[in-house]
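This briefing goes through the fold, the sheet, one helix, the nonpolar cores and the ligand shell. Please read it alongside the sequence and the coordinates.

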Amino acid sequence: MGCGSAMSNVPSVNKAKQSAGKIFEITDQRSTLDVRRTTANEIKEVKEGRIEFKDVDFKYPSRTTKIFNQFNMEIPANYKIALVGHSGCGKSTITNLLLRFYHTQGGQILIDGEPIENYNVGSLREQIGFVQQEPILFNRSIKDNVLYGKLDADNAKVRKVCEMANALTFIESNIEDLDKEKRIHKIKEDLTNEIDVICKKYPSFIQFKEKLLSKSNEVLDLLLQVFTKSDAKAMEIFSKDPRSLVL
Ligand SMILES: Nc1ncnc2c1ncn2[C@@H]1O[C@H](COP(=O)(O)OP(=O)(O)OP(=O)(O)O)[C@@H](O)[C@H]1O
Ligand SMILES: [Mg+2]
C-alpha cells in the first residue's frame with residue numbers, strides 16, 4: 001500500500017481510537033453491586049423466601065422522579081402473587097430491586113427478615129428465576145442463549161429447561177442440533193401454525209399476530225417469537241409454583 005493511500009485511513013483510525021476510549025471508560029467502571037465480590041458474613045442461601053419492602057425510596061439513576069416513595073409490601077413465603085397496576089407504575093422495578101440491579105435510596109428490602117444487602121449478589125440472582133417481559137436474545141445458537149442463564153450447564157440441563165419452557169419439541173422438530181445453524185423457512189412455516197394455535201388458546205395474542213408475523217424474516221426475530229410464544233406455556237408451568245411472582 002502506498003504511503004498516500006495509507007494516510008487516507010488516518011481519520012478512521014482516530015475515530016476508532018476515540019470510540020474505543022469511550023467503550024473502555026464504561027467497561028473499566030467498577031460496579032458497586034459486583035456479582036463476583038464476596039464478604040465474610042454474607043448469606044448465600046434464601047431459606048424461606050419471605051419478602052418485605054419497608055418504606056422503600058427509589059429512583060432510577062438517570063431520572064429525577066421517584067418511582068417508590070416510602071413503598072411498603074410484604075409477600076409471605078410460599079405465596080403465589082400477581083402485581084397488577086398501570087404501565088409504568090413500577091412492577092418490573094420491584095424485580096430489578098430484588099435482583100439487586102440498583103441501590104435503593106431509603107428504607108429496606110428484607111428477605112427472611114435479613115436486609116437484602118447481606119446476601120451474596122451472585123447467589124441471590126442464581127436463586128431467582130425470572131422470565132423477562134421483553135426477551136433478549138443474542139445472535140448466537142439457541143444453546144448459547146440458554147447457557148447464558150447458567151454457564152456451566154451440561155447438554156442434559158439445557159434440554160431440560162427448553163422442555164420446561166415448552167420449546168424443546170419445537171426446536172428439535174426444526175433444527176437437527178441445538179448447536180447447528182437454523183433452517184429458517186421451516187421454522188417460519190411452523191411458527192405461523194404455532195402462533196395460530198396460541199391465538200386460539202390465548203385470544204389476547206391475536207392483536208400481536210400480524211406484528212409477530214411481519215417481523216419474522218430475521219433469525220433473531222424468529223427466535224424471539226419462539227421464546228415469546230413459549231412464555232405463555234412457561235407462565236402456565238411457573239404459575240403452578242407457589243413461589244412465583246407474576247408481573
Ligand atoms: N432502566 C430504567 N431507567 C430509567 N427509568 C426507568 C428504567 N426502567 C423503568 N423506568 C421507568 O420507571 C417507571 C416504572 O417502570 P416499570 O418498568 O417498573 O413499570 P411497570 O409497572 O413494569 O410497567 P409495564 O406494565 O409497562 O411493564 C416508568 O416510568 C419507567 O419509564
Ligand atoms: Mg413491567
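Which residue of β4 does Lys 54 stand opposite? Lys 54 faces Gln 108 in β4. The model is a predicted one, and the points below place that pair in its surroundings.

**Overall content**

- The protein has 247 residues, of which 14% count as buried.
- Its secondary structure comes to 10 helices and 6 strands.
- Among contacts between residues at least 6 apart in sequence, 63% join residues at least 24 apart.

**The sheet**

- Four strands form an open sheet in the order β2-β1-β4-β5, and the pairing is antiparallel.
- β2 and β5 are the edge strands, since each of them pairs on one side only.
- β1 and β2 run antiparallel and are joined by 5 bridges; Phe 58 stands opposite Phe 68 in β2.
- β1 and β4 are likewise antiparallel, over 5 bridges.
- Besides the pair of Lys 54 and Gln 108, Phe 53 has Ile 109 of β4 as its bridge partner, and Glu 52 stands opposite Leu 110 in β4.
- β4 is joined by 2 bridges to β5 (residues 114–115), again in the antiparallel sense.
- Ile 111 has Glu 114 in β5 as its bridge partner.
- The hairpin of β4 and β5 has 2 residues between the strands, and Asp 112 takes a positive phi near 50° there.
- In general, strands of a sheet pair through backbone hydrogen bonds, either parallel or antiparallel.

**Glu 114 in the edge strand β5**

- Glu 114 is found in strand β5.
- Glu 114 counts as partly exposed because it has 15 C-beta neighbours inside 10 Å, where 20 or more would make a residue buried and 12 or fewer would make it exposed.
- Not counting residues up to four places away in sequence, Glu 114 touches Ile 43 and Tyr 119.
- Glu 114 and Glu 52 are 62 residues apart along the chain, while their C-alpha atoms are separated by 9.5 Å.

**Helix α3 and the loop after it**

- Helix α3 spans residues 91–98, and its buried residues are Thr 93, Ile 94 and Leu 97.
- These three lie on the same side of α3, because they cover an arc of only 105° around the axis.
- An α-helix has 3.6 residues a turn, so residues three or four places apart point the same way.
- The cover over the buried residues of α3 includes β1 (51–58) and β4 (106–111).
- Arg 100 is found in the loop between α3 and β4.
- Arg 100 comes just after α3 and takes a positive phi of about 60°.
- With 19 other C-beta atoms within 10 Å, Arg 100 is partly exposed, as the cut-off for a buried residue is 20 or more.
- Leaving aside neighbours within four places in sequence, Arg 100 is in contact with Leu 33, Ile 116, Val 121 and Leu 124.
- Arg 100 and Val 35 are 65 residues apart in sequence and 9.7 Å apart in space, C-alpha to C-alpha.

**Nonpolar cores**

- The largest nonpolar core has 14 residues, and Val 56 and Ile 109 touch the most other members.
- At least two residues of this core come from each of β1, β2 (68–75), α3, β4 and α4 (121–127).
- β1 supplies the largest share of this core, 4 residues.
- Ile 109 touches Phe 53, Val 56, Leu 97, Thr 104 and Ile 116, not counting residues up to four places away in sequence.
- Another core, of 7 residues, lies apart from the largest one, and among its members are Val 146, Val 158, Cys 162 and Ala 167.
- In soluble globular proteins, nonpolar side chains tend to be buried together.

**Surroundings of ligand 1**

- Around ligand 1 there are 13 residues, and Tyr 60, Ser 87, Lys 91, Ser 92 and Thr 93 come nearest.
- The shell divides into 3 nonpolar, 8 polar and 2 charged residues.
- Thr 93 appears in two of the topics above: it is a buried residue of α3 and is one of the residues that come nearest to ligand 1.

Methods
Residues are numbered from 1 along each chain as its sequence is written. Chains are lettered from A and ligands numbered from 1 in the order in which they are written. This is a predicted model: local features need pLDDT of at least 70, side-chain atom pairs count only at pLDDT 80 or more; totals for chains, interfaces and linings use all residues. A residue is near a molecule or strand if its C-beta atom, placed from the backbone, lies within 6 Å of it. Ala, Val, Leu, Ile, Met, Phe, Trp, Tyr, Cys and Pro count as nonpolar, Asp, Glu, Lys and Arg as charged, and the others, Gly among them, as polar. The arc is that of the directions from the helix axis to the C-beta atoms. Two residues are in contact if their C-beta atoms, placed from the backbone, lie within 7 Å. Two strands pair if DSSP finds at least two bridges between them. A nonpolar core is a set of buried Ala, Val, Leu, Ile, Met, Phe, Trp, Tyr and Cys residues joined through C-beta atoms within 7 Å.
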